Protein chains: 2
Amino acid sequence: MGGDRAPGMVVRGACLARERHPDLSFILYGAEAQLAPLLDCHPELRDACTLRHAPDVVAADARPSSVLRQGRQSSLWLALEGVQSGEAAGVVSAGNTGALLAVAKFVLKTLPGISRPAFASIIPTMRGESVMLDLGANITCDARNLVEFAIMGDAFARAVLGRREPTVALLNVGAEELKGNEIVREAAALLRESALPIDFRGFVEGNDINAGKVDVVVTDGFTGNVALKAMEGAARFYSSLLRSALLSSRRSRLGALLARPALGSLRDRLDPRRHNGAIFLGLSGVVVKSHGGTDAFGFANAIGVAVDMITHGSNQRILDELRALGGAQVPPPRAAAS
Amino acid sequence: MGGDRAPGMVVRGACLARERHPDLSFILYGAEAQLAPLLDCHPELRDACTLRHAPDVVAADARPSSVLRQGRQSSLWLALEGVQSGEAAGVVSAGNTGALLAVAKFVLKTLPGISRPAFASIIPTMRGESVMLDLGANITCDARNLVEFAIMGDAFARAVLGRREPTVALLNVGAEELKGNEIVREAAALLRESALPIDFRGFVEGNDINAGKVDVVVTDGFTGNVALKAMEGAARFYSSLLRSALLSSRRSRLGALLARPALGSLRDRLDPRRHNGAIFLGLSGVVVKSHGGTDAFGFANAIGVAVDMITHGSNQRILDELRALGGAQVPPPRAAAS
């Protein structure tokens, strides 16, 4: 029921996702009176779908705390319970991000050894793909949080991106050891001094994200959220400038016509819907958040991210990695983070 | 003497700047033995140039604290003294940023009413140009610092960008009042409750920067630095994808050939050298920092920024605005910032 164009967009997204993953089946949580007619329009989906009525819907602007108190009959809560009970292998929602995170933490709990889940997303880069986290689940973080994000990101890069030895770095204002605030310097010291089997490369700067300098970019939720959106805004700006430039003369319009297939593939590659689906890493269950404003194509991609997480057993990989650390526990911060 | 290609790049940059501003004259601080022969190669500049020998050079990786102790004979220090004595109207340097900021604060002092200077830069947007600050001078900021940045940014947008009623917002992870950390929420409350004559629009997100949603984007130096570089990296990524797309087939290469003038003007518009020159706002003197890796064209643009600041009397405008506040002093933070 979540998202600007729900529930129609969700149902159509599920149809698209099944075209790519024909074995996929769904449990749809929401208002039966709205969902049943939609399913009637998509007989190809109906047989792969179970409908579970949820009397309530979490509003886009509802406070997470009030959803925690009063949202037990909402589609969001019931869907997360479906994962908790093992009936569903993962959940995909385009609903209220804060509520999804709060209820997911409450219902699914964090993985043992992880104190705070983080929002992660796959970022297209000059060298392929990287993963960046946290993107907004944790507005303020201490050094230990960042170290945990590094562990989760490392496991994710192995499991989902298929990297054998992922490189990991902290996002900072400069590459030198003395740069930045106490928290990132402390986290860097912890990662350097720990026996964690992580290929830690120190600090990277904002421009290194899209350059693909490392496989895993670790940051706090405030900085990560701003940086991700700033990059999206820059891409949109660039593409609007390109459009006006190509429309500026008869000659350039002709050129654009000839280059249309090439420009089309560029547009496809940068289509934000293609990178839709942020992952809540660190929970005992697969939870993927779709952008609220997406369409069926974007939602299908978010479902694809969940399928990847499930197929690759990412959470088990994170757990294995945490367990493998064994003696090499994450060291406690040397000083209280300011 | 500062910058990867100094001092040759600086001298050539000065030549280029004089083509645009023929009345401009320079005092060059640095190693006379290196500068004199360079000037001999540029007789058109020699007559508009005074050479001041500086025995020392601040290394790119020198610590600001050690420059403060031992750098009094460096070109950086002597150039700032030139501004302090009134001999120069402003200074442009491609040298060590931290050292420049530290010595500038020490030699020039901050404007009365301003506790910390900030790094500002003009950002190209969908709607023209905006100014963003701080971009790295203050890694951690409290709410009052952000309010001061808002005042300085407002004055800059009036003086240099020519806005009559600049719109001002704080960079955050969402537009809603409850979003973000305590510091931005506190700063927003201060700006809303104050009698400051600022058109404060609340919060903007990362994607709003290039969209040009407001004229002045206010943030702490950590977030601002990461966001600015992330946007630069995204633009570089986009343009490299565009290049490969256009080279991908014979047909698209022909299209690119036809569109070449249009694409050239796009490249020019996004040329980072064109936006070279970050301003240290809040000092009693005009100080512009050029990117260390720039060339003569970029350095000439940084000189142009200083000329703009001087011509428009930006610092006087900031002072006037601070004075005009009079009774409407920046209110003290309601609680100690965490």
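This briefing covers the symmetry, nonpolar cores, helix packing and backbone features of a two-chain structure. The model is predicted. Chain A can be laid on chain B with an RMSD of 0.0 Å, and the two copies are thus related as by a two-fold rotation axis. The largest nonpolar core holds 176 residues, and a second, separate core holds 23.

**Symmetry and interface**

- The superposition of chain A on chain B takes a turn of 180° and a shift of 0.0 Å along the axis, with an RMSD of 0.0 Å.
- This relation between the copies is therefore that of a two-fold rotation axis.
- Within chain A, A:Gly255 has the C-alpha nearest the axis, at 1.9 Å from it.
- The copies meet through the same surface, because 100% of the interface residues of chain A are also interface residues in chain B.

**Nonpolar cores**

- In the largest nonpolar core, which has 176 residues, the members that touch the most others are A:Leu80 and B:Leu80.
- Leaving aside residues up to four places away in sequence, the contacts of B:Leu80 are B:Val91, B:Leu100, B:Val103, B:Ala104, B:Val107, B:Leu108 and B:Val287.
- A second core, separate from this one, has 23 residues and draws on both chains, including A:Leu266 from chain A and B:Leu242, B:Ala256 and B:Ala259 from chain B.
- As a general tendency, nonpolar side chains in soluble globular proteins are buried together.

**Helix 1 and helix 13 of chain B**

- Helix 1 (residues 8-20) and helix 13 (residues 296-311) of chain B pack with their axes 7 Å apart, at an angle of about 55°.
- At that angle, helix 1 of chain B and helix 13 of chain B are oblique to each other.
- The crossing of helix 1 of chain B past helix 13 of chain B is right-handed.
- On the helix 1 side, the residues in contact are B:Met9, B:Val10, B:Arg12, B:Gly13, B:Ala14, B:Leu16, B:Ala17 and B:Arg20.
- On the helix 13 side, they are B:Ala296, B:Phe297, B:Phe299, B:Ala300, B:Asn301 and B:Ile303.

**The segment before helix 1 of chain B**

- B:Gly2 sits in the segment before helix 1 of chain B.
- The relative accessible area of B:Gly2 is 17%, so B:Gly2 is buried, the limit being under 20%.
- B:Gly2 touches B:Met9 and B:Val10, both of which also take part in the contact of helix 1 with helix 13 in chain B.
- The other contacts listed for B:Gly2, with residues up to four places away in sequence not counted, are B:Ala94 and B:Gly95.
- B:Gly2 and B:His291 are 289 residues apart along the chain, yet their C-alpha atoms are separated by 9.8 Å.

**Cis peptide bonds**

- In chain A, the peptide bond from A:Ala6 to A:Pro7 is cis, with omega near 0°, and A:Pro7 belongs to the segment before helix 1 (8-20).
- In chain B, the bond from B:Leu133 to B:Asp134 is cis, also with omega near 0°.
- B:Asp134 is in the loop between strand 5 (128-133) and helix 7 (143-159) of chain B.

**Positive phi at Lys109**

- A:Lys109, which is not a glycine, has a positive phi of about 65°.
- A:Lys109 lies in the loop between helix 6 (97-108) and strand 4 (118-125) of chain A, and its relative accessible area of 47% makes it partly exposed.
- In chain B, phi of B:Lys109 is near 70°, again a positive value in a residue other than glycine.
- B:Lys109 is located in the loop between helix 6 (97-108) and strand 4 (118-125) of chain B, and at 48% relative accessibility B:Lys109 is partly exposed.

Notes
Residues are numbered from 1 along each chain as its sequence is written. Chains are lettered from A and ligands numbered from 1 in the order in which they are written. This is a predicted model: local features need pLDDT of at least 70, side-chain atom pairs count only at pLDDT 80 or more; totals for chains, interfaces and linings use all residues. Side-chain values use heavy atoms; hydrogens and water are left out. Helices (H or I, at least four residues) and strands (E, at least two) are DSSP runs, numbered from the N terminus. Buried means under 20% relative accessible area, exposed over 50%, partly exposed in between (1.4 Å probe, protein chains only). Copies are superposed by least squares on the C-alpha atoms of residues with pLDDT of at least 70 in both. Contact means heavy atoms within 4.5 Å. A nonpolar core is a set of buried Ala, Val, Leu, Ile, Met, Phe, Trp, Tyr and Cys residues joined through side-chain atoms within 4.5 Å. Axes are lines fitted to C-alpha atoms, for helices over the stretch in contact, and angles run from 0 to 180 degrees between N-to-C directions. Angles under 35 degrees count as roughly parallel, over 145 as roughly antiparallel, 65 to 115 as roughly perpendicular and the rest as oblique. A crossing is left-handed if the near helix is turned anticlockwise from the far one by less than a right angle, and right-handed if clockwise.
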